[in-house]
Amino acid sequence: MLKFKDELRRSVKYFIKKMPWAYQDRIYYFHKFKRLPNIREPKLFNEKVLYRKFIHGDNLRYGRLSDKFLVREYIAHTIGDEYLVPLVYETDDPSTLLNLTSLKGTVIKPNHGAGMVDIMLEEPDYLQKQQIVNHCTEWLRKDFSQEVREIHYSYIKPRILVEKCIGDGKSAPIDYKFHMFNKKDGTFEYVLQVIYNRGRPALSMVFYVNNLCEVYHRIRDSGLDLSGVKQGMEQALELSKKLAADFDYVRVDWYIHQDHVYFGELTFTPGAGLVTGLGRGLDQMMGEMWIQDRLQSPRADTGIPLRM
């Protein structure tokens with residue numbers, strides 16, 4: 001019976017993978033939230049992400065600005081290169097990493113996706129370096145657009161980046177993620193999502209809504225004190241407004257270390273429209289904040305087979 005269930009599960013997954021992406025996301029959305037998404041007339045934040053993915057989004061531009069290498073030029077031009085994490089090396093040939101004098105205190109990652117990273121707190125030995133090369137080779141072969149059906153990642157030419165490690169050199173830095181909602185009158189609403197305790201069994205989050213003083217929602221919060229980085233958070237917010245000026249919505253990520261603000265990345269389809277953890281009504285609240293650009297005459301069938 002167990003073998004039959006495993007075979008059935010694999011068959012179902014194979015069948016789903018053959019569906020157009022928009023239909024796949026309907027299934028995954030239902031599995032996660034126990035309801036079908038309203039993609040034609042989205043109200044919730046996750047639904048609006050799906051609308052951007054499949055109905056109305058500038059995928060070519062999203063791809064260019066989601067490219068962790070190319071976006072550096074945009075950041076330098078828009079707010080200044082002093083906010084960029086120092087770039088040690090970039091290449092499309094992982095074997096050349098073996099020629100670098102030192103990798104201690106660096107972060108090695110590809111430019112075309114997420115969840116792929118090697119953090120070098122100490123100098124790796126030869127075997128570890130070879131393992132890094134193997135990781136990078138695998139990353140470059142991956143079409144990240146296929147992972148969670150985000151077509152704009154298919155426009156990115158994969159490369160490997162070696163950046164300076166930001167933080168205390170002992171643990172992963174805290175992420176400050178500003179969800180920026182452009183009200184189109186020169187003002188913004190925002191939700192700040194702070195993620196910490198990465199690398200532990202269960203990471204922690206706190207959410208701020210339109211202020212940087214009072215926490216609105218907590219997930220496994222262990223009492224993180226952010227009073228020492230309040231000025232950095234305020235600076236990151238003002239910079240986020242500049243970077244978000246041309247979009248109805250974008251998430252702008254930052255690191256703050258020793259009173260200096262460093263840009264992380266721009267994200268246009270967070271969680272691919274399947275974000276969990278938006279408790280206390282945040283999914284609906286953020287959906288209401290997002291005054292989304294819409295097609296004048298949406299297609300009747302939102303399950304357009306954009307990508308197989």
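Two strands pair if DSSP finds at least two bridges between them. The model on screen is predicted, and the tour starts with one such pair.

**Stop 1: the hairpin.** Select strand S9 (249–257) and strand S10 (260–267). S9 and S10 pair in the antiparallel sense, over 7 bridges. To see one of the pairings, pick Ile256 and look across to S10, where the bridge partner is Val261. Then go to the turn: 2 residues lie between the strands of this hairpin, and Gln258 has a positive phi near 55°. Now colour S10 by accessibility; 6 of its 8 residues are buried, so that the strand is mostly covered.

**Stop 2: the largest nonpolar core.** Select Tyr176, Phe178, Trp254 and Leu266. Of the 36 residues in the largest nonpolar core, these four touch the most other members. To widen the view, add the elements that give two or more residues to this core. They are three helices and five strands by name:

- helices H4 (59–66), H5 (71–78) and H7 (230–243);
- strands S5 (175–182), S6 (188–196) and S7 (204–209);
- strands S9 and S10, from the previous stop.

Which helix gives the largest share of this core? H7 does, with 5 residues.

**Stop 3: around Phe178.** Centre on Phe178 and show its contacts, leaving out residues up to four places away in sequence. Tyr190, Val191 and Leu192 touch Phe178, as does Leu212. Met233, Ala236, Leu237 and Ser240 are also in contact with Phe178. The list is completed by Val250, Arg251, Val252 and Trp254.

**Stop 4: a second core.** Next, select Val49, Val191, Val209 and Leu278. They are among the members of a second, separate core of 16 residues.

**Stop 5: two helices.** Select H3 (residues 45–54) and H8 (residues 282–289). Their axes come within 7 Å and cross at roughly 50°, which makes H3 oblique to H8. Show side chains at the contact: Phe45, Asn46 and Lys48 in H3 meet Asp283, Met286 and Gly287 in H8. By class, this contact has 2 nonpolar, 2 polar and 2 charged residues.

**Stop 6: Phe15.** Finish in helix H1 (residues 2–17), where Phe15 is found. Is Phe15 buried or exposed? Phe15 is exposed, because its relative accessible area is 53% and exposed means over 50%. For a last distance, pick the C-alpha atoms of Phe15 and Asn99: they are separated by 45 Å, with the two residues 84 apart along the chain.

Methods:
Residues are numbered from 1 along each chain as its sequence is written. This is a predicted model: local features need pLDDT of at least 70, side-chain atom pairs count only at pLDDT 80 or more; totals for chains, interfaces and linings use all residues. Side-chain values use heavy atoms; hydrogens and water are left out. Axes are lines fitted to C-alpha atoms, for helices over the stretch in contact, and angles run from 0 to 180 degrees between N-to-C directions. Helices (H or I, at least four residues) and strands (E, at least two) are DSSP runs, numbered from the N terminus. Angles under 35 degrees count as roughly parallel, over 145 as roughly antiparallel, 65 to 115 as roughly perpendicular and the rest as oblique. Contact means heavy atoms within 4.5 Å. Ala, Val, Leu, Ile, Met, Phe, Trp, Tyr, Cys and Pro count as nonpolar, Asp, Glu, Lys and Arg as charged, and the others, Gly among them, as polar. A nonpolar core is a set of buried Ala, Val, Leu, Ile, Met, Phe, Trp, Tyr and Cys residues joined through side-chain atoms within 4.5 Å. Buried means under 20% relative accessible area, exposed over 50%, partly exposed in between (1.4 Å probe, protein chains only).
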